[in-house]
Amino acid sequence: MTNKAISQRVCRLLLAMPLLILTGCQTIYEGKYEWDAGWRPGTVRSVGSADQVTKTPFRDCRLALSSAEKIALKFAVVSYSFLNRPKNAVVPISPGSTWTAGSPVYINVTNCRTALEPRVVRADPGNKKNELQLKLIEPHG
């Protein structure tokens, strides 16, 4: 690579940097769940009582709850990505909700009191049967 080519690349990079800084990096899922507000896409792995779900999650909302709340509530183990690595969180779920293993959700990883939200899953484009099909999985109840 010549010095001129290197200089041109450096100039392009320097010109692009202010634009990147001004526009910022903001991820918003489905137009309402902001990354900066703690929302992450996830998948419910299991549901059960405080004693039934995984004992060693990456994030454990049971620690912030009273003994009475732990007894009264059900919990979901939700897998999500943190720094491109899979992590599990144990979060309380709303009474009467029917989240099941495999349900796609949004989880708020900064607030244990924020309910899980349903996530739209687009059909696999390689699967001809599901072409143009959207699936919305919501809790029933």
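Helices here are DSSP runs of H or I with at least four residues, and strands are runs of E with at least two, numbered from the N terminus. With that in hand, let's work through this predicted model.

**Exercise 1. Work out the order of helices and strands along the chain.**

Solution. Start with the tally: the chain has 2 helices and 10 strands. Next, read from the N terminus, and the pattern comes out as α-β-β-β-β-α-β-β-β-β-β-β.

**Exercise 2. Place Arg 113 in the fold and decide whether Arg 113 is buried or exposed.**

Solution. First find the residue: Arg 113 sits in the loop that joins β7 (104–108) to β8 (117–118). Then take its relative accessibility, which is 56%. The cut-off for exposed is over 50%, so Arg 113 counts as exposed.

**Exercise 3. Find which residues Arg 113 is in contact with, beyond its neighbours within four places in sequence.**

Solution. Set those neighbours aside, and Ala 64, Leu 65 and Glu 69 are in contact with Arg 113. Now look at the side chains: those of Arg 113 and Glu 69 make a polar contact at 3.0 Å. Finally, check the backbone: 7.6 Å separates the C-alpha atoms of Arg 113 and Pro 92, which are 21 residues apart along the chain.

**Exercise 4. Describe the largest pocket and its lining.**

Solution. Begin with the volume: the largest pocket holds about 180 Å³ of space. Its lining has 14 residues, and Pro 92, Ile 93, Ser 94, Thr 114 and Ala 115 are the closest to the centre. Last, sort the lining by type, which gives 10 nonpolar, 3 polar and 1 charged.

Notes
Residues are numbered from 1 along each chain as its sequence is written. This is a predicted model: local features need pLDDT of at least 70, side-chain atom pairs count only at pLDDT 80 or more; totals for chains, interfaces and linings use all residues. Side-chain values use heavy atoms; hydrogens and water are left out. Buried means under 20% relative accessible area, exposed over 50%, partly exposed in between (1.4 Å probe, protein chains only). Contact means heavy atoms within 4.5 Å. A polar contact is a pair of N or O atoms within 3.5 Å; within protein, one must be able to donate a hydrogen and the other to accept it, and residues adjacent in sequence count only if both atoms are side-chain atoms. On a 1 Å grid over the protein atoms alone, a cavity is a set of points where a 1.4 Å probe fits but cannot get out, and a pocket is an open set with protein on both sides within 12 Å along at least five of seven lines; lining residues have an atom within 4 Å of a point. Grid points are joined across faces, edges and corners, and a volume is the space filled by probe spheres set on the points. Ala, Val, Leu, Ile, Met, Phe, Trp, Tyr, Cys and Pro count as nonpolar, Asp, Glu, Lys and Arg as charged, and the others, Gly among them, as polar.
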